[in-house]
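Biologist: I'd like a close look at a single part of this structure, please. Pick one region and walk me slowly through how its pieces fit together.

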Amino acid sequence: MKTSYKPSKLPAIAAQVRKEHPTSSEIRNYQLDNGFLDEVRQWAKLPKEDVDGEAITIPIRKVRLLANYVPANSLHLPLLNLTRILFLRANEEIARSLFILWQDFFENQDLCYLLYRIVQDKAELVKKIVSNTKLENTTMLQWFPSKNIPYAVGRECMRWQKSDRIRFSDRLMTLGIMPSTRLGQRCIQEYLTFCDRTGYLEISDRDMLPTLKKYSPDSIKLFLKNILTELKVEDFQRYYQCGTYLRNTYTSDAGTLKYKNFFSGFTPEQELKYHRWLNYILIRESFSKNSNDERLQFWSQYVPYSTDAYRVSASECLVIEFEMYSIIEFTTKTMGPLYIYRKDIFEKFVKKYLKRMNNTELRHSLYNELLQYATERIIHHDNWQYKTSRYLMAHSIIS
């Protein structure tokens with residue numbers, strides 16, 4: 001998320017935004033004394049039919065005080081009458097104050113509905129409030145009813161200035177959202193649920209993991225839906241720790257019931273990318289956590305073509321599956337040749353031996369009894385990678 005580039009006009013725009021849209025701590029601090037709070041209690045208890053008439057008689061000074069009270073609602077009063085009064089009496093100052101305070105109290109649904117009504121019915125007034133930002137009335141009408149306002153705001157931020165890699169906090173200010181507010185902070189915390197590919201690639205595996213550990217299950221799903229859309233399959237090699245955490249904590253392995261339930265609502269393309277992300281992780285776990293392991297380096301580059309990968313602990317082997325072929329690699333230090341089979345032949349004649357035999361027995365059987373089923377057997381001698389790549393390409397296993 002760091003960048004050395006900063007648009008030349010941004011400081012001036014930020015200063016103007018701060019002037020037009022002060023933070024909640026900079027809004028004039030009206031004193032809400034006990035006498036006024038008693039009046040608020042009375043307004044909250046009014047019969048519905050009396051509210052409009054009462055609203056007309058309240059001095060504008062007290063309406064300003066009411067605008068300061070409603071967002072926090074410290075007395076936990078029903079807000080229907082109070083928001084109706086504010087709607088009827090809203091002017092530019094009151095609407096601006098409500099919008100700024102909303103950024104610290106965006107979870108107040110009555111406040112959200114009030115602002116929605118103001119934007120909907122007093123559009124010209126609202127346009128003055130946001131005139132020095134890129135925020136539009138139509139956008140606010142989508143924000144206020146949203147079940148996840150930080151996500152909605154963050155997504156809107158990502159629509160702007162895609163060609164300029166400016167800080168996300170600066171993007172918030174272009175929409176009139178102050179980064180120091182609770183909403184601004186939540187948007188920054190939820191950044192990984194809506195950022196673009198460039199944003200992800202600016203964050204390391206190690207730096208991303210602590211953020212994911214703070215996310216709720218709903219945020220994890222939003223994160224996965226987004227990252228599985230934005231990144232290319234080969235990008236996921238960068239995120240071994242994050243992928244391992246997600247697998248162990250939320251999804252389990254591909255094919256399990258937990259996995260299927262988790263990915264309900266995901267597109268087939270998103271699920272396939274995640275499956276291949278797990279394949280990267282499994283290959284790394286199978287051979288070595290040392291990135292210099294030649295088998296790890298070789299097979300990782302072909303994960304984008306794979307359909308599945310799984311280990312068989314009994315025989316200490318790894319099976320990497322492609323659309324028409326299955327490949328056996330041994331994960332032990334002593335290794336052993338790799339074997340390539342047509343998938344149908346592997347499933348019918350070879351697969352059953354993997355769980356029945358230990359490592360030594362399986363290697364013996366693959367060579368002495370089952371070699372007839374293999375389309376290729378390649379020993380890990382010098383240049384084995386070149387020979388294997390030529391074979392994979394010649395048989396259209398990879399393109």
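Modeller: Let's take the sheet and what surrounds it, with one term first: two strands pair if DSSP finds at least two bridges between them. Strands (E, at least two residues) and helices (H or I, at least four) are themselves DSSP runs, numbered from the N terminus.

A word on where this comes from: this is a predicted model, where local features need pLDDT of at least 70 and side-chain atom pairs count only at pLDDT 80 or more, while totals for chains, interfaces and linings use all residues. Residues are numbered from 1 along each chain as its sequence is written, and side-chain values use heavy atoms, leaving out hydrogens and water.

Now the sheet. Five strands make an open sheet with antiparallel pairing, and their order is β1-β2-β3-β4-β5. The edges are held by β1 (308-312) and β5 (376-378), each of which has a single partner strand, so one side of each is left without a neighbour in the sheet. On average, neighbouring strands are turned by 15 degrees against each other, direction ignored. To get such angles, axes are lines fitted to C-alpha atoms (for helices, over the stretch in contact), and the angles run from 0 to 180 degrees between N-to-C directions.

Zoom in on β4. Strand β4 (residues 338-342) pairs with strand β3 (residues 325-330) in the antiparallel sense, over four bridges. You can follow some of the partners by eye: Y325 has R342 of β4 as its bridge partner, and S326 has Y341 of β4. With β5, β4 also pairs in the antiparallel sense, over three bridges. There, I340 stands opposite E376 in β5.

How covered is this strand? "Buried" means under 20% relative accessible area, "exposed" means over 50%, and "partly exposed" is in between, using a 1.4 Å probe and protein chains only. Four of the five residues of β4 are buried, so the rest of the structure largely encloses this strand.

Next, look at the helices that touch the sheet, where contact means heavy atoms within 4.5 Å. Helix α20 lies across β1, β2 (317-321), β3 and β4, and runs at about 135 degrees to β4. Helix α22 (residues 384-394) lies across β3, β4 and β5, and runs at about 160 degrees to β5. So β3 and β4 appear in both of those lists.

Let's stay with α20, which covers residues 343-356. The expected span of a helix is 1.5 Å times one less than its number of residues. For the 14 residues of α20 that gives 20 Å, and the end C-alpha atoms are 19 Å apart, which agrees. Even so, α20 has a kink of about 50 degrees, centred on V350. The bend at a residue is the angle between axes fitted to the seven residues ending there and the seven starting there.

V350 is also one of the buried residues of α20, together with K343, F346 and L354. These buried residues pack against β1, β2, β3, β4 and α21 (359-368).

There's a salt bridge on this helix too. Side chains of opposite charge can pair when their charged atoms come close. The rule used here asks for a side-chain nitrogen of Lys or Arg within 4 Å of a carboxyl oxygen of Asp or Glu. In α20, the side chains of K351 and E347 meet this way, at 3.5 Å from N to O. The two sit four residues apart in the helix, about one turn. K351 is partly exposed at 32% relative accessible area, and E347 is partly exposed at 37%. Elsewhere, salt bridges that share partners join E107, R182 and R186 into one network.

For a side-by-side look, try helix α2 (residues 34-45), where D38 and R41 lie three residues apart, also about one turn of the helix. Their closest N and O atoms are 2.7 Å apart, making another salt bridge. By this rule, the count comes to 19 salt bridges.
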